[in-house]
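This report concerns the interior of a protein chain, with attention to its cavities and nonpolar cores. The sequence and structure are shown below.

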Amino acid sequence: MKWHYSPFMALLTSTALVMTMAGPVAAQGTREKPKPKPETAKTDSDLTTVTVTAAKPTTKIDRDVYDPKTEPAMPNSNAVDVLNKAPGVNVDPEGNVTLRGNSAVQILVDGKPSALMQGNFRAITLQSLPADAIASIEVMTTPSAQFSADGGGGIINIVMKKNRTLRPILGMRLGAGNEGRYSMGVNAGATKGRLNVNGSLNFNRDTRQPEFSLDRERYTPTGTFRFGGVSDLPQSTDSYGFIGAAGFSPSDTDALGLEVTLNRSDFESTGLSAFEERDPVGKITTQYQSRDDRRNESQQGSVRLSFSHRGDTEGETLKADLRKNRSTLSRDTVSDYSFSTASPNRRTLRSGDNTQRALAMSVDYSRQLWSGVFTSGFELSTTAARTGNAEYDISLTTAAHALDTRRSNAYEVNQDQIDGYVTYQKALGLRWTVLSGLRVETTNLTLNQVTSHVSVRQTYSHIHPSFAIQYLLSETSKLRYNYGHRITRPDVSDLNPFIIYWDDRNARSGNPDLQPSETHLSELRYEYNNRPKNLTFTATWFYKKTENVFVERSTYIDDNLYLSRRENGGSGSENGLDLMYNRRIGTKWDVNLQTTFKRERRPPRSSTFTTITEAQTMAGGVRIGYRMSPNDQVQVSLNTAGKQLTGQGYTEPTHRWSVSYSRRINGKLTATASLQDHSTSRSIIENQAGHTVTEFNLGGLNVMFGLQINPFGISRATR
């Protein structure tokens, strides 16, 4: 839904509205507070949150909340492990996140976008963020206008812990596992008067033994050429992290906050591969072995300043937020090729670096208005990034480096964005609740291809309405309908027209003509919640219509080089049924079942195909917890991801399972153990250029044992 005329007027109107009402709020801080009002019966507007004891999932009118604190805590767990237990969320071994099988997902931190959760940095951040720093996961398949409209698949909001306790907190965790894995961490917090301080230090070493295989058929007028091989990719990743926060309350109604996050990740891999190519009659034309030494280093840092004020009237709040992020990523791969055929042996160095800086400011205001809740806010953000890629031919005799200018390039990206929103929630009688909203976003993006002197500019504005209505059928059941309009913006690397070579056979380029895709989402949901029986059941029908869908296109640009890039492929749709069941049985058993049946329609797989790609898939998970005693609990989980369309093929269903055990030895010491494994992932590409099958195995069983130590006898930090 594009608006080409006056988006800034809507933005300025909402901003002025915020500031007009924020002024009186700030002034109220010195007034004498009114006497507390007597308790009154809660209306339906107060009943928008329902908690189930079993695994503490919570539902609101626009989101589901997963609380990980009831799960057996593993010392090596990270954000990936927590997300994989949230309803409908799947994170694969490479850190790619999907929600109901859709990869166009935006990840927020404390309700705000973060540069650390974008592009190549997302997987690194999730894998380095410890699970015990997370308070809850909010899953929004149809978000309201209060939240950023980016991400046609929905929003996952990671809510971080904020230690606020009158007693000091000190916790330590140690873990060790097979194949040289280990982890350690410490978190501490204290409060004195109006000041509270907390922080955590974490280190984790993860080792894997992945295996990769490729079988690619290339169609030509003279017949089919076949290229394939296998790779062993042993790898290790060392992750270091620091999270620190301080809060100060100068008065009973005001609070100031400071949060600092620092992360570093070092990746090393030495891969051994063997590949060959055969012509249409089966004769070997190329055969070689390669050794690839990869070294990646990433550093991320963020600072967040926050201010909140609580007004005199009930529910009146003003929140301001200033965030600054900086991320760097460097990659170096030295490859040695040893040919059995006539080609000469050679050595190459491929290096890349990326630096990204982001600054954002947001203001949010909420108050009661006309017996409902009114919220409004705005956000201003700017991002600057520079990426460089270089390839060198290394002499086998002198080790001299010669730059290959055809395969080296650099580009810069600057993006400015202005967002404004208003929402209003109101109870209509005792059974109806309505939430409506409107969001305006304006984006100005400039990409400068430094090497080829090509400039790409995109400026666009969109209006994003949202609507939700809820009807209370009885004390235990309700119906809910949600509608939202979303946008998926291209990643900056998807706009860079220069070709990036991953190796001698595979390359990728961006598409400067790639436009954002727009998605209309609708959901109809039935929810049953019986608190005395600790039982929750939900059934959700959903429908998504997406325009300008991102699809992958791959073709050969010479006899050997396989080039991929993204294009806008037309319209696509998803519809299906999502079922979730939570139950605590007695005092010992917790059962969580979730499954999604989905039918997906995608645009043609290639520009020469005219048929629509369709698939019917089923995905879900089972999680069962058992309390053997007050001090012992065990949990078994199985998650499956169904067939997923990619625009020129599909990925086959996968699964993963885990078993975890936790024993509380005493009030200060807890022992843990865990097992987990993933199935082999398999993807198929079918287009006019040929047929490709790839398989990836993460490397077998992961075993970890650990200890959690709490010297003060406090098991968990509280929010």
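Which residues lie nearest the centre of the second largest cavity? In this predicted model, they are Gly-88, Val-89, Gln-594, Gly-620 and Thr-640, and the lining comprises 34 residues. The volume of the second largest cavity is about 400 Å³, and the model contains 10 cavities of 30 Å³ or more.

The residues lining the second largest cavity fall into three classes, as tabulated.

| Class of lining residue | Count |
|---|---|
| Nonpolar | 11 residues |
| Polar | 17 residues |
| Charged | six residues |

Five strands each supply at least two residues of this lining: E4, E32 (571-585), E33 (589-602), E34 (613-629) and E35 (632-641). Strand E34 gives the largest share, seven residues. Because domain 1 (59-165) and domain 2 (195-201 + 210-709) both contribute residues to the lining of the second largest cavity, the cavity lies between them.

Attention now turns to the nonpolar cores. The largest nonpolar core has 25 residues, and Val-89, Leu-126, Leu-129, Ile-137, Ile-156 and Ile-158 have the most contacts inside it. Two or more residues of this core come from each of helix H2 (79-83) and strands E4 (89-91), E5 (97-99), E6 (105-109), E8 (134-140) and E9 (154-160). Helix H2 provides the largest share, four residues. Another core, of eight residues, lies apart from the largest one and includes Tyr-411, Val-413, Val-456 and Leu-514.

Val-89 thus appears in both descriptions: among the residues nearest the centre of the second largest cavity, and among those with the most contacts inside the largest nonpolar core.

Terms used. Residues numbered from 1 in each chain as written. Predicted model: local features only at pLDDT ≥ 70, side-chain atom pairs only at ≥ 80, totals over all residues. Heavy atoms only, no water. Core = buried A, V, L, I, M, F, W, Y, C linked by side-chain atoms within 4.5 Å. Buried < 20%, exposed > 50% of the residue type's maximum accessible area, 1.4 Å probe, protein only. 1 Å grid on protein atoms, 1.4 Å probe; cavity = no way out; pocket = protein on both sides within 12 Å on 5 of 7 lines; lining within 4 Å. Points joined across faces, edges and corners; volume = space filled by probe spheres on them. Nonpolar A, V, L, I, M, F, W, Y, C, P; charged D, E, K, R; others polar. Domains from an automatic or database assignment.
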